[in-house]
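Open the model in your viewer and keep the sequence panel handy. We'll go stop by stop, with something to select each time.

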Amino acid sequence: MKIKRVRGTQDILDLQLQNFVLNQAKKHFTSYNYSQIETPIIEHTNLFVRSLGTHTDVVTKEMYTFTTEGGDEICLRPEVTASTMRAFLENSIEERPWKVFTYGPMFRHERPQKGRWRQFEQFNIEAIATTSIAQDAHFIAMIDKFFNFSLKLENYVLKLNFLGCLEDRKNHKESLKKYLDSIDSQLCEKCKKRKETNILRVFDCKNDCCQKLYTKAPKLTEHLCETCNEEWQQLQELLQFLSVNFIHDPCLVRGLDYYNKTVFEFSSQELGSQNAFCGGGRYELAKELGGKENVPSIGTAIGLGRLLLLVEKNQNELNIPHAPALQIIIPMTEEQHVLALLLANNLQSNNICSDILFESSLNKKMKKANKLGAQHVLILGEEEQKNGTVSIKNMQTGKSNIIKQTEAATFIK
Ligand code: HAM
């Protein structure tokens, strides 16, 4: 029986677009003074249990965990915000704010479908240890600019909400609980459970009836204290000032527990049901991870796979660099193999992209060179070997020339 790839994983056989997007992202975020870091793919399971929340989907059912021979509980990271905060604390980073980005694979045991994989790539950006609401506006504008300026995307929306501080959420939860209790019989079974365990998550319910009921539910932004309300108003004004289009979505709560105050999500209808391609917000995590004091931070993660689905449709608008022109060397028989190796060596030393076709007949080799999109084919036969020459064919014009082997690089350039 053939061994197939694990469900929910992908073989990515053409990385051209992905590399282009990654390069654009690195360029963009570096220009905002963010630097690249890397943290391990395996972490202690507890890192995520403590930070994401014990009732979140990721922790209750989606983590890939295992116990090592030494008895350590390890997992494949489901996200990298907690890892970045761990790295900040563990390495006693003094820089404030610490502005970093990282990218790589994340793992969540979700039901696979279009845009949802069990192994997926995130490009993650964090500004750690920063309190100013102006930082939130700067951060969100930076992300928005990446999508609409660097990648020239248009068909997306930015949803924004403000979760307030702990006290605000406590007050809101109380009035939300009262409201949900009053309509308990109309709620779906999942929401009845969420109401008792992780009440804000009712807003993530996919059930239309529940969603209709929640339009009348008490809103978080109606329960903000004076300071939070001021920040919320300021954030909206600053984004308007920066010409960042957004909509206020009072039901946006995000699926992880560490958020407070600003939360946001970028989504596109073009993506179908898994429509969020970037999400983040403000969070407090340091104390949960053993830090002595709070470290207010803001960050986001871009789902690279979902973003690529959008960029693919739009790639004609982008200046994606082409692969360098390819030169194909064809030795007619085994007798010319050494010569072909030497010629390829010479071309590559001159930064010319080339390959040698060793196997099969001349006819088949010519067809293959054509299929590979070769710019020139360089043929080495008995005659050429004797005379120190090479027959070089321009595959576009069909014109052939016989030149000295030593002049091949100059001729091509
Ligand atoms: P998240 O919303 O869980 O946030 O994930 C961010 C993005 O990763 C999503 O919007 C989506 O594009 C992508 N994503 C998530 N799960 C999958 C999946 N199974 N398959 C494909 N793509 C997926 C976080 O992970 C937070 N750590 C973001 C953050 C950074 N908050 C503060 N800093």
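What follows is a walk through domains, cores, a pocket, a cavity and a few single residues.

**Stop 1: the domains**

Before you start clicking, bear in mind that this is a predicted model. Colour residues 16–164 together with 224–317 in one shade, which gives you domain 1 in the domain assignment. Give 327–412 another shade for domain 2. Taken over C-alpha atoms, the centres of domain 1 and domain 2 are 50 Å apart.

**Stop 2: the largest nonpolar core**

Select Phe-29, Ile-125, Phe-147 and Leu-307 and show their side chains. In the largest nonpolar core, which has 48 residues, these four touch the most other members. Now add helix α5, residues 133–150, which gives the most to this core, with 9 residues. Another core, of 45 residues, lies apart from this one; Val-58, Cys-75, Cys-191 and Tyr-214 are among its members. As background, nonpolar side chains in soluble globular proteins tend to be buried together.

Go back to Phe-147 and centre on it. Which residues does Phe-147 contact once its neighbours within four places in sequence are left aside? Look for Lys-152, Leu-153 and Tyr-156, then for Phe-266, Phe-277, Cys-278, Ile-302 and Leu-307.

**Stop 3: a buried glutamine**

Next, select Gln-122 in strand β6, residues 119–128. Is Gln-122 buried or exposed? Gln-122 counts as buried because its relative accessibility is 9%, and the cut-off for buried is under 20%. Leaving out neighbours within four places in sequence, the contacts of Gln-122 include Glu-79, Val-80, Thr-102, Tyr-103 and Gly-104. Met-106, Arg-108, Ala-301 and Ile-302 are in contact with Gln-122 too. You met Ile-302 a moment ago, as a contact of Phe-147.

**Stop 4: helix α1**

Move to Leu-17 in helix α1, residues 16–30. Leu-17 has 12% relative accessibility, so it counts as buried. Beyond its neighbours within four places in sequence, Leu-17 is in contact with Leu-308, Val-311, Glu-312, Gln-315 and Ile-320. If you want to try the distance tool, pick the C-alpha atoms of Leu-17 and Gln-274: they are 257 residues apart along the chain and separated by 21 Å.

**Stop 5: an exposed threonine**

Now for a contrast, go to Thr-131 in the loop between β6 and α5. Thr-131 is exposed because its relative accessible area is 57%, and exposed means over 50%. With neighbours within four places in sequence set aside, Thr-131 is in contact with Arg-282 and Pro-296. Try the distance tool again on Thr-131 and Thr-227: 96 residues apart in sequence, they are 13 Å apart C-alpha to C-alpha.

**Stop 6: the second largest pocket**

Select Leu-166, Arg-169, Asp-257, Tyr-259 and Asn-260. Of the 31 residues that line the second largest pocket, these are the closest to its centre. The second largest pocket has a volume of about 710 Å³. Which elements should you colour here, as suppliers of at least two lining residues each? Pick α2 (45–52), α6 (166–182) and β9 (259–267). The largest share of this pocket's lining, 4 residues, comes from α6. Colour the lining by class and you'll get 12 nonpolar, 6 polar and 13 charged residues.

**Stop 7: the cavity**

How many cavities of 30 Å³ or more are there? The count is 1, and the largest cavity has a volume of about 30 Å³. To find it, select the lining: Phe-203, Tyr-214, Ala-217, Pro-218, Lys-219, Leu-220, Pro-250 and Cys-251. This lining has 7 nonpolar, no polar and 1 charged residues. Tyr-214 is also a member of the core of 45 residues.

**Stop 8: backbone oddities**

For the last stop, switch to a backbone view. Most residues other than glycine have a negative phi, and most peptide bonds are trans. Start with Arg-96 and Pro-97, which are joined by a cis peptide bond with omega about -10 degrees. Pro-97 sits in the loop between α4 (81–90) and β5 (98–107).

Ser-92 lies in the loop between α4 and β5 as well. Although Ser-92 is not a glycine, its phi is positive, about 45 degrees. Ser-92 counts as exposed because its relative accessibility is 54%. Finish at Lys-261 in strand β9, another residue other than glycine with a positive phi, near 55 degrees.

Note on methods
Residues are numbered from 1 along each chain as its sequence is written. This is a predicted model: local features need pLDDT of at least 70, side-chain atom pairs count only at pLDDT 80 or more; totals for chains, interfaces and linings use all residues. Side-chain values use heavy atoms; hydrogens and water are left out. A nonpolar core is a set of buried Ala, Val, Leu, Ile, Met, Phe, Trp, Tyr and Cys residues joined through side-chain atoms within 4.5 Å. Buried means under 20% relative accessible area, exposed over 50%, partly exposed in between (1.4 Å probe, protein chains only). Contact means heavy atoms within 4.5 Å. On a 1 Å grid over the protein atoms alone, a cavity is a set of points where a 1.4 Å probe fits but cannot get out, and a pocket is an open set with protein on both sides within 12 Å along at least five of seven lines; lining residues have an atom within 4 Å of a point. Grid points are joined across faces, edges and corners, and a volume is the space filled by probe spheres set on the points. Ala, Val, Leu, Ile, Met, Phe, Trp, Tyr, Cys and Pro count as nonpolar, Asp, Glu, Lys and Arg as charged, and the others, Gly among them, as polar. Domain bounds come from an automatic or database domain assignment.
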